[in-house]
Structures are given as structure tokens and as C-alpha cells.
Amino acid sequence: MNSASDVWDKVLTILRNDLSETALSTWFDDCRAVQIENNRFFIHTPSVYKKSILDGRFIGTIKGALGELFSSDFEVIVLDDDGLKVMTEAADKSEYSLSDEYTFENFVVGNSNKFAHAAALAVSDGNSKKGYNPLFIYGESGLGKTHLLHAIRHSISKKFPHYKIVYVKSEDFLNELVAAIRKGWMTEFREKYRGADLLLMDDIQFIAGKMETQEEFFNTFNALYEVGKQIVFTSDRPPSEIHRLEDRIRTRFESGLPADIQPPDEALRVAIIRNKAEQLGVIMPDDVVDYIAENLDSNVRQLEGAVKMIIAYRDIMNENITVATVTQRLKDMFKGSKDSLPTTDTIIEETARYYALTSDDLRSQSRKRDTTLARQIAMYLIRKLTNLSLKETGAVFEGRDHTTVMSSISKVESFLKDSPDFSNIIRDITSNINSKS
């Protein structure tokens, strides 16, 4: 949302209430903010001596100011020139690696993703044609949607280096919006998103049901669309199946170009395995490639993970890659490939999120109506989606007994019989759970 320098200006304003002008000018005059990310705040001073003073005397004060701004704990890292150089080089390497991995050149095309790939390529020309705007790429988790988003970003940034490109996950958009409203930073928030030449938003389904987020998103979408800026979304389902999404937003999604990605067929799985191995400098035997492709059929991410695991094992153990080796090393992955089970934490978290609650709320003794219903749904889904017994399910919720779980499941099943809308709720939550598994 706000840049690190904006945050640093606000920190200095707060520090003026606690420190003298002499202290501020002596120790902070040549300090500048470098980066703020994941509750870590980096500042730089060219003086090694000042760095030692800041580390020794003022870290707690700076943390307190950040806590006042964000209502959250921060780690503060002070960098001297050498530290800044190391951080900059690492960041450059990381960005290069990300762009180098997620490009169109490294995207393996097959029948299941051919149209989505072609649509993404068309968008990367930078023309933002009406028929391609917005581009809405949808499909199950792990099939390459995010890869295509980054490929578009990589391609356009090379062709149009002056473009302002914004990539964000919808959950981060929501969190930034909440922080902007709380801190009075809506002007900066809107400048960031409405000033984009290209907006790439991942997992758009998570804005469903968030009314304030949908309102701001709708206005952001219109602001960009009306001036011909390109917008690309990904989702785990088509717009028509995103329930609790406002009709005015759904119609805008559907007015552009929908492009689905299906699970890879065996020919594409073979190509993906070979491609990933070649990227890592390895030519895999044909029988090994075929064996993996036959036994892992869920998604691209799993295939690539299997290749990395096999090559790492070969390098560490200095053994040849054979079908026998693969069978031994990937037996757990093979076993779960057809029916990978979500964790209870994921089920509780996604159920709570749907009702704007926390996981602790569902595990608590609260008898509030929404909390009780969400807890019952979570119990139902744990029994449906995992192998836990009634007793084990109850234990997840602060030791509730199996009769409570049975009662909750019965109530949910009754709701399912009587209400199509309730069936949609269960479907949405289940889809969200599967997308995180």
C-alpha cells in the first residue's frame, strides 16, 4: 500500500513525540527506509557507527512507532552500506529467478491449457483489446494459472518497461484495503491500484462475500477498464460458480475472455516432467518419465515437485535415477495423488474465513449463531474430507465429545436437504479448502 519511505515519514513524526530534535538530527538525519515486507522493516544508514547506535538504543522505539501505525509487531533491521549491497544483490537475484522460471518459454503447452496460454500471449502484446479485457483464467489449484500471470508480467515488463504493473493476491488486496481504511490511507491505496497500466489479481474468488472489498474492487475495475487498461484474473472456478459475488462484478468478469485450464493429460504430464528435468540440467530415462506420468495425475505443481525431489535425492545419495528409486522415494506422493486430504487446520481456517471469523472462534466455547453454524460446518467437512473419527474430530474443537460432532453433522445434513443456498455455501467452502491443499 504505502511505500517504505511513506511509512518512515510517519515513523519519524511519531518519534518526534519521544525524542529531542537533537537526537533525531544526530542519529536519523541520513537514515532512509529501504523496504517493508512481511512485518519486517529495513532502514539504511551509511555510517557503521550510527548503525551500532540505532541497533543499541533505538530499535525498541522504532518498533513501538511501527506498532502504533499498524497495530502489529515488526522486526526492524538496520543496514549499513555492506548490508544494503548484500540485500540488493539478493533481491535482484530473487526477482531474476522468479521471472526466469515463470515465463512463456517455460510454460509447457498441451490440449488442456492451449487456449489459456494463447489468450495470455495475446494479452502480453499490450494491446488490451476489448475482447480480451478482462482475461479470466480459471482452473483447479496447481495447473499453471499463476505461472501465466507472471509470464504476462515478465513479457510486458520487457516490451513496455515504462508500464506500471501491479500483481496482487485477492487476499492481500483485502488486507491492504482494511489497513488503508483503518489508517486513513485510502488515497495512496487507490493511487496504487487505479494508476496501474496492468492489474494482475490471483485467486479472485476470495473477494466473494466481502461486501466492502467488492465495492472498492468494483470501482477499481471500472476506473481501469474505462481508460483501456488491461486486467487479468485467476480463479479456481468460472465466474458463474463464484457464489456470494455481486452480479455487477460477475457480469464484468463474463464480459471479457474466460479461459479454463484442465488437469494435464498423460502426454502433457510427460512433457512437463521432461521440461522440468531439463531446466535442472538432467535428462531422465524414458521409463522413469513414463512411470511418474502414469502415477501422478493431479496437477503440474506436484509433477514439478516430484522431479525436484528425485534429482535432489540423486545428488545427495549419488545414485542413478531408476524406476525402483522413484518408487521408493515417491511412494507417499503416489499414495496420495488421487485423494490428497486437507488438514483440519485448513478446513477450520477456510470455514472461519467464509464467515469472517477466526479459527480460534470456531474452537472456542462461543454460542453466537454464526460461530455455532460455522463450527458445525467445519465438523461436517472434517468428517467428509478426512479420515478422522467422531472422537478425533471432537478433540480438534477443545475436546468436544463425539455426540456433539454427530449432532452437528446431522444439522448440516438437514440444512443441505432443505436449502439449495446452503448447498452452495458448502460447495464454496469446500472449493476454498481444496485450493489450499
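## A walk around a predicted fold

N424 is partly exposed, with 26% of relative accessible area, a value between the 20% and 50% cut-offs. You'll find N424 in helix α21, which runs over residues 420–436. Look from there to E75: 349 residues separate N424 and E75 along the chain, and their C-alpha atoms sit 42 Å apart. Keep in mind that this is a predicted model.

**The whole protein**

Stepping back, the protein is built from 21 helices and eight strands. Its C-alpha atoms take up a box of roughly 70 × 60 × 50 Å along the principal axes. There are 437 residues, and 47% of them count as buried. How much of the contact map joins residues at least 24 apart? Taking contacts between residues at least 6 apart in sequence, the share is 73%.

As for the outside, the accessible surface is about 21600 Å², and carbon and sulfur atoms account for 49% of that. The protein carries 55 positive and 66 negative charges, and the mean positions of these two groups lie 3 Å apart.

**Helix α18 and its arginine**

Helix α18 covers residues 369–385. Its 17 residues should span 24 Å at 1.5 Å a residue, and the end C-alpha atoms are 24 Å apart, so the length agrees with expectation. The buried residues of α18 include A374, I377, M379, Y380 and L381, along with R375 and Q376.

Is R375 buried or exposed? R375 has a relative accessible area of 6%, which is under 20%, so R375 counts as buried. What does the R375 side chain reach? One partner is the backbone oxygen of L362, at 2.8 Å. Another backbone oxygen, that of S364, lies 3.0 Å from a polar atom of the R375 side chain. Setting aside residues within four places in sequence, R375 is in contact with D361, L362, S364, Q365, S366, F397 and R400. I207 makes a handy distance marker: R375 and I207 are 168 residues apart in sequence, and their C-alpha atoms are 22 Å apart.

**Helix α7 and its surroundings**

Helix α7 is made of 14 residues, 170–183, and reaches 20 Å between its first and last C-alpha atoms, close to the 20 Å expected at 1.5 Å a residue. Buried in α7 are S170, F173, E176, L177, A179 and A180. Which elements do these buried residues pack against? They meet the strands β5 (165–169) and β6 (198–202), plus the helices α8 (186–194) and α9 (211–226). Just past α7 comes G184, with a positive phi of about 75°.

**Two more buried spots**

H117 belongs to helix α5, residues 114–123. Its relative accessible area is 13%, so H117 is buried. Beyond residues up to four places away in sequence, H117 touches F104, F107, V109 and L148.

D236 sits in the loop between β7 (230–235) and α10 (247–255). With 13% relative accessibility, D236 counts as buried too. The side chains of D236 and R237 are joined by a polar contact of 2.7 Å. Outside the four places on either side in sequence, the contacts of D236 are G139, E140, Q205, S431, N432 and S435.

**Loops and backbone oddments**

A few backbone details are worth checking on screen. The peptide bond from N133 to P134 is cis, with omega near 0°. P134 falls in the loop between α5 and β4 (135–138).

D203 is a residue other than glycine with a positive phi, near 55°. D203 lies in the loop between β6 and α9. A356, also not a glycine, has a positive phi near 60°. The loop holding A356 links α16 (344–354) and α17 (359–363).

Another loop residue is T322, between α13 (300–317) and α14 (323–329). T322 and V289 are 33 residues apart in sequence, with 9.7 Å from C-alpha to C-alpha.

How do these three loop residues rate for accessibility?

| Residue | Relative accessible area | Class |
|---|---|---|
| D203 | 23% | partly exposed |
| T322 | 34% | partly exposed |
| A356 | 68% | exposed |

The cut-off for exposed is over 50%, so A356 at 68% qualifies.

Terms used: Residues numbered from 1 in each chain as written. Predicted model: local features only at pLDDT ≥ 70, side-chain atom pairs only at ≥ 80, totals over all residues. Heavy atoms only, no water. Helix = DSSP H or I, 4+ residues; strand = E, 2+ residues; numbered from the N terminus. Buried < 20%, exposed > 50% of the residue type's maximum accessible area, 1.4 Å probe, protein only. Contact = heavy atoms within 4.5 Å. Areas by Shrake-Rupley, 256 points an atom, 1.4 Å probe, with all protein chains shown as cover. Lys, Arg positive; Asp, Glu negative; His and termini not counted. Charge placed at Lys NZ, Arg CZ, Asp CG, Glu CD. Polar contact = N/O pair within 3.5 Å; in protein donor to acceptor, adjacent residues only side chain to side chain. Expected span 1.5 Å × (residues − 1).
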